[in-house]
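Welcome, and take a moment to settle in with the model before we walk through it together. We will go from one part of the chain to the next, with a question here and there.

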Amino acid sequence: MAIRMPRITQARKILNRSLSNGSSTPTSLDIPKGYFAIYVGEQEKKRFVVSVSLLSEPTFHALLQHAVEEFGYNHPMGGLTIPCSEDVFMDLASRYGAFY
């Protein structure tokens, strides 16, 4: 009895496409354990995957407070959205080694 690996691989691709509704939008399947996705930007939002360790940093808490003031708890991107420049966020996250 032989196992047909190409069919399993093909089924996985179909499943991934159906989970993302056929779009190229990343899903939660591509986020490793211990990380979360966040959208950052003032005008156009860019998606970053960062470590949950960033949640314990006081500077990040200030950014979260700013997000609550701007969006409340209804984030337009469907995920956590931080309204600051990408440069500011990248500087903060890189200081704490939070990027995936």
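Which elements do the buried residues of H3 pack against? They pack against S1, S2 and H2. To see how that fits into the whole, let us step back for a moment.

What you have in front of you is a predicted model. Its protein chain holds 3 helices and 3 strands, and from the N terminus on these elements follow the order α-β-β-α-β-α. The protein chain has 100 residues, and 26% of them count as buried. If you look at contacts between residues at least 6 apart in sequence, 49% of them join residues at least 24 apart. On the outside, the protein chain exposes about 7,200 Å², with carbon and sulfur atoms supplying 54% of that area.

Now back to helix H3, which covers residues 86–95. Phe 89, Leu 92 and Ala 93 are its buried residues to look for. These three cover an arc of only 95 degrees around the axis, which puts them on the same side of H3. There is a simple reason behind such patterns: an α-helix has 3.6 residues a turn, so residues three or four places apart point the same way. Turn to the other side of H3 and you will find Asp 87 and Arg 95, both exposed.

Helix H2 can be read in a similar way. What is the distance between the end C-alpha atoms of H2? They are 20 Å apart, and this agrees with the span expected for the 14 residues of the helix, 58–71, at 1.5 Å a residue. Within H2, Phe 60, Leu 63, Ala 67 and Phe 71 are buried. They cover an arc of only 55 degrees around the axis, so they sit on the same side of H2. Pro 58 and Glu 69, on the other side of the helix, are exposed. The buried residues of H2 pack against strand S1 (35–40), strand S3 (81–82) and helix H3.

Both helices have a glycine to notice beyond their ends. H2 is followed by Gly 72, which has a positive phi near 70 degrees. Gly 97, just after H3, also takes a positive phi, of about 60 degrees.

Next, the interior. The largest nonpolar core has 15 residues, and those that touch the most other members are Ile 38, Val 40, Val 50, Phe 60, Leu 63, Ile 82 and Phe 89. S1, S2, H2 and H3 are the elements that give two or more residues to this core. Phe 60 is a good residue to pause at. Leaving aside neighbours within four places in sequence, which residues is Phe 60 in contact with? The list is Phe 36, Ile 38, Leu 54, Leu 55, Phe 89 and Leu 92.

Charged side chains also make links here, and the structure holds 2 salt bridges. One of them pairs Asp 30 with Arg 47, whose closest N and O atoms are 3.5 Å apart. Asp 30 lies in the loop between helix H1 (5–19) and S1, while Arg 47 belongs to strand S2 (residues 46–51), so the pair ties together parts that are 17 residues apart in sequence. Asp 30 counts as partly exposed because its relative accessibility is 38%, and Arg 47, at 24%, also counts as partly exposed.

The side chains of Asp 91 and Arg 95 meet in a salt bridge too, at 3.0 Å from N to O. Both residues lie in helix H3, 4 residues apart, which is about one turn of the helix. Is Arg 95 buried or exposed? Arg 95 is exposed, with a relative accessible area of 54%, whereas Asp 91, at 41% relative accessibility, counts as partly exposed.

Our last stop is Tyr 96, in the segment after H3. Tyr 96 counts as partly exposed, because its relative accessibility is 32%. Not counting residues up to four places away in sequence, Tyr 96 touches Leu 54, Glu 57 and Thr 59. Tyr 96 and Ser 51 are 45 residues apart along the chain, and their C-alpha atoms are separated by 9.3 Å.

Note on methods:
Residues are numbered from 1 along each chain as its sequence is written. This is a predicted model: local features need pLDDT of at least 70, side-chain atom pairs count only at pLDDT 80 or more; totals for chains, interfaces and linings use all residues. Side-chain values use heavy atoms; hydrogens and water are left out. The expected span of a helix is 1.5 Å times one less than its number of residues. Buried means under 20% relative accessible area, exposed over 50%, partly exposed in between (1.4 Å probe, protein chains only). The arc is that of the directions from the helix axis to the C-beta atoms. Contact means heavy atoms within 4.5 Å. Accessible areas come from the Shrake-Rupley method with a 1.4 Å probe; for residues, only the protein chains shown count as cover. A salt bridge is a side-chain nitrogen of Lys or Arg within 4 Å of a carboxyl oxygen of Asp or Glu. A nonpolar core is a set of buried Ala, Val, Leu, Ile, Met, Phe, Trp, Tyr and Cys residues joined through side-chain atoms within 4.5 Å.
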